[in-house]
Number of protein chains: 2
Amino acid sequence: MNRIHNFSAGPSALPQEVLEQAASEFVNFRGHGASLLEMSHRGKVYDAVHDECIEDLGSLLGITDDYAMVFMGGGARTQFALIPSNLRPTGAAGFINTGRWAQGAVDEAAKLGEVRELWSSVETGHDRVPEQGEVACPQDLQYLHYTSNNTIYGTEFQYVPDSGDVPLVCDMSSDILARPVDVTKFGMIYAGAQKNLGPAGVVVLVIRKDLLARSRDTLPELWNYQKIAAKNSMLNTPPVYAIYMVGLVAKYLQRHGGAAGAWERNQRKAASVYGEIDADGFWTGHAQVGSRSYMNVTFRSPSAELDKAFVAEADAAGLSGLKGHRSVGGLRASIYNAVPEESVATLVEFMKEFRRTKG
Amino acid sequence: MNRIHNFSAGPSALPQEVLEQAASEFVNFRGHGASLLEMSHRGKVYDAVHDECIEDLGSLLGITDDYAMVFMGGGARTQFALIPSNLRPTGAAGFINTGRWAQGAVDEAAKLGEVRELWSSVETGHDRVPEQGEVACPQDLQYLHYTSNNTIYGTEFQYVPDSGDVPLVCDMSSDILARPVDVTKFGMIYAGAQKNLGPAGVVVLVIRKDLLARSRDTLPELWNYQKIAAKNSMLNTPPVYAIYMVGLVAKYLQRHGGAAGAWERNQRKAASVYGEIDADGFWTGHAQVGSRSYMNVTFRSPSAELDKAFVAEADAAGLSGLKGHRSVGGLRASIYNAVPEESVATLVEFMKEFRRTKG
């Protein structure tokens with residue numbers, strides 16, 4: 001079988017040239033006579049991979065010396081508990097609740113201390129994010145947390161919320177590096193790698209260094225941002241291979257115009273799919289137009305039966321991963337950075353043909 | 001360069017046939033038109049990989065239906081806090097302190113509740129583990145924790161401690177599946193994969209199911225063994241690729257005689273290196289003879305200068321990773337399951353020649 005067109009919501013498509021490079025140096029890493037998977041994380045070879053990944057990601061994100069980059073295992077959802085454990089030793093944290101994972105961040109933080117939900121879209125099926133200026137941030141909060149892109153519902157912030165002097169914390173798992181962002185607006189950004197950065201198995205954290213002082217010594221050391229940052233994410237054995245793959249993806253992005261280049265491609269890709277959705281009354285988008293995601297396009301055909309037929313026929317035609325999340329139903333096309341424009345064009349052609357024959 | 005002889009303490013050697021299989025199916029996984037790294041963990045392809053890994057590991061370990069197998073990210077040291085969080089909601093936990101990582105388990109558990117150190121080898125540089133029967137286990141403990149193999153010092157339990165009715169918890173990171181064990185003696189076994197099971201990035205937990213009831217709902221869900229076990233380690237995105245590699249290593253072990261086969265090879269390997277160490281007075285072993293590890297052989301030459309020369313000359317000859325841990329110094333040969341007998345024979349020849357020319 002040739003390479004499929006991969007619209008999986010995550011783990012999701014990786015650039016083919018990255019996969020081919022990784023395969024070619026898998027058994028004997030760059031002539032060192034062993035696989036990278038077999039090498040000590042304290043050795044020179046892995047050290048260079050680790051530091052290069054930090055440097056390249058930092059450069060792509062445009063981070064300054066005021067920020068530390070940290071790698072952790074356990075998945076982004078583990079951070080739902082680690083963020084309040086580190087950044088809210090006392091006081092309250094605020095939340096903008098735009099969906100399942102935003103809710104998860106509220107729930108976990110609530111187990112460990114005081115939370116305030118400032119805004120929620122739960123009553124309208126999370127079909128939108130707040131408009132700019134709609135959420136006022138109380139200045140006594142320890143931090144304000146939001147989810148920049150909501151994979152399940154296909155909504156995405158098109159701006160960075162204003163939190164005043166309160167550190168802004170963003171779960172950017174599903175749209176990090178999909179567009180340029182001004183990191184200086186954030187206290188902390190975190191992202192599970194398996195959407196836009198690489199494979200599952202590592203979370204990338206960008207933390208403003210002054211916030212590291214909030215981590216208390218009473219925290220278990222592997223939950224303590226300050227201690228992990230002080231050891232350059234080598235306090236324990238890091239998830240070596242996932243970090244290496246993230247580094248390859250970073251180099252790939254650098255070769256292809258950085259975050260700005262990705263944003264140009266992502267705008268074209270999204271415009272093409274939403275254009276088809278808006279073509280006539282056949283498709284219905286889940287997200288309100290102003291909140292539409294550039295990463296996850298959620299939509300449905302006129303019936304659940306047709307949705308099912310769409311997924312099956314698409315799959316048979318080599319277009320994979322188009323079933324909507326079980327909590328929303330319908331269809332979803334995840335078009336992360338690594339999904340080629342050619343795959344999106346093939347999808348749109350398939351949608352047009354489906355609409356023509358079934359409409 | 002040809003393949004090196006890899007004596008790294010971890011991440012460490014993987015079987016060459018495993019690496020070659022992984023490389024060959026890296027870009028297009030078993031004809032599915034995508035890399036396994038690009039596939040949803042909720043899809044059929046990954047599901048089969050996941051469940052097969054659980055089945056194969058379970059069969060190699062000889063676990064019964066009374067036990068659950070769980071995969072987590074974050075490294076084995078994260079478990080130092082998660083074990084007391086789950087298994088000791090109240091009361092005290094007991095510890096046998098045989099080295100750095102055993103001490104880490106004490107320290108983290110002490111941050112979260114009551115600990116009792118029942119035995120320690122700290123005063124003799126952790127050169128031995130207790131003799132069988134030397135540690136009496138108070139029956140009011142919530143669990144008794146020990147480290148079966150101590151990588152830094154090269155000591156290893158040659159028996160399973162008797163904890164009476166108290167659940168026995170073992171950090172088996174560095175000797176899991178190095179020999180057959182009777183799992184029914186344990187309340188819980190856990191192991192970071194990067195010594196004997198696969199690459200860094202996943203921890204394997206084997207937990208007696210009745211102990212899962214100790215996990216309280218107030219725990220963050222990604223720290224809750226019961227919730228993770230209930231979802232077959234798919235509560236969040238698991239570290240897909242590391243689990244796949246562990247599965248390949250399990251299949252490799254099955255093809256090569258299981259834990260019993262590994263134990264035969266490991267006995268021959270260790271006997272060969274210790275035989276050279278005991279040949280005359282040139283080498284000094286760190287561990288007391290009755291506590292010697294079959295996985296990590298710690299020793300030194302007559303001087304720090306000669307140790308340094310040994311590491312450099314060995315490295316030049318393609319024998320890698322022989323420097324002792326910085327806290328003990330000297331030399332260390334890690335001869336985990338995946339280190340071929342041929343590599344050990346090459347090492348012993350090199351040691352003999354070094355002793356002949358420098359002694």
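# Briefing: chains A and B and the interface between them

B:Arg77 forms a salt bridge with A:Glu221, with the closest N and O atoms 3.0 Å apart. The model that shows this pair is predicted. Between chain A and chain B the count is 4 salt bridges. Together the two chains bury about 4500 Å² between them. Over all chains, the structure holds 40 salt bridges.

**The interface of chain A and chain B**

- On each side the tally of residues in contact is given: 61 of chain A touch 61 of chain B.
- Of the area buried between the chains, 58% is on carbon and sulfur atoms.
- In chain A, the residues that lose the most area to chain B are A:Glu38, A:Arg77 and A:Trp223. Together they make up 16% of what that side buries.
- Across this interface, 20 residue pairs are in polar contact.
- Four elements of chain A give two or more residues to the side that touches chain B: α1 (16-24), α3 (79-87), α4 (100-112) and α6 (240-255).
- The largest share of that side comes from α1(A), with 4 residues.
- By residue type, the side of chain A that touches chain B divides into 28 nonpolar, 22 polar and 11 charged residues.

**B:Thr78, a residue that meets chain A**

- B:Thr78 sits in the loop between β2 (67-72) and α3 (79-87) of chain B.
- B:Thr78 counts as buried because its relative accessibility is 10%, under the 20% cut-off.
- Neighbours within four places in sequence aside, B:Thr78 is in contact with A:Leu222 and A:Trp223.
- A:Trp223 also appears among the chain A residues that lose the most area to chain B.

**The nonpolar cores**

- The largest nonpolar core has 130 residues.
- Residues of both chains have the most contacts inside this core: A:Phe26, A:Leu57 and A:Met245, along with B:Phe26, B:Leu57 and B:Met245.
- A second core is separate and has 57 residues. Among its members are B:Ala76, B:Ala105, B:Val106 and B:Leu235.
- A:Phe26 has contacts in its own chain with A:Ser35, A:Leu36, A:Leu37 and A:Tyr241, leaving aside neighbours within four places in sequence.
- On the chain B side, A:Phe26 is in contact with B:Leu19, B:Ala22, B:Ala23, B:Phe26, B:Tyr241 and B:Met245.

**Salt bridges within each chain**

- In chain A, the side chains of A:Glu134 and A:Arg128 meet in a salt bridge, 2.9 Å from N to O.
- A:Glu134 is partly exposed, since its relative accessible area is 34%. A:Arg128 is also partly exposed, at 21% relative accessibility.
- In chain B, B:Arg128 and B:Glu134 meet in a salt bridge at 2.9 Å, N to O.
- B:Arg128 counts as partly exposed at 21% relative accessibility, and B:Glu134 counts as partly exposed at 34%.
- A:Lys227 forms a salt bridge with A:Asp217, with the closest N and O atoms 4.0 Å apart.
- That pair links distant parts of the chain, 10 residues apart. A:Lys227 is in helix α5 (residues 225-230), and A:Asp217 is in the loop between β10 (203-208) and α5 of chain A.
- A:Lys227 counts as partly exposed, at 28% relative accessibility. A:Asp217, at 56%, counts as exposed, because exposed means over 50%.
- A network of salt bridges links A:Glu276, A:Asp280, A:Lys352 and A:Arg355.

**Two more residues of chain A**

- A:Thr151 is found in the loop between β6 (149-150) and β7 (155-156) of chain A.
- With a relative accessible area of 5%, A:Thr151 is buried.
- Not counting residues up to four places away in sequence, A:Thr151 touches A:Trp101, A:Ser174, A:Lys195, A:Asn296, A:Thr298, A:Arg332 and A:Tyr336.
- A:Gln16 has its place in helix α1 of chain A. A:Gln16 counts as partly exposed, at 38% relative accessibility.
- A:Gln16 and A:Arg3 are 13 residues apart in sequence. In space they are 9.2 Å apart, C-alpha to C-alpha.

Terms used: Residues numbered from 1 in each chain as written. Chains lettered and ligands numbered in written order. Predicted model: local features only at pLDDT ≥ 70, side-chain atom pairs only at ≥ 80, totals over all residues. Heavy atoms only, no water. Core = buried A, V, L, I, M, F, W, Y, C linked by side-chain atoms within 4.5 Å. Buried < 20%, exposed > 50% of the residue type's maximum accessible area, 1.4 Å probe, protein only. Contact = heavy atoms within 4.5 Å. Buried area = accessible area lost by both parts, 1.4 Å probe. Polar contact = N/O pair within 3.5 Å; in protein donor to acceptor, adjacent residues only side chain to side chain. Nonpolar A, V, L, I, M, F, W, Y, C, P; charged D, E, K, R; others polar.
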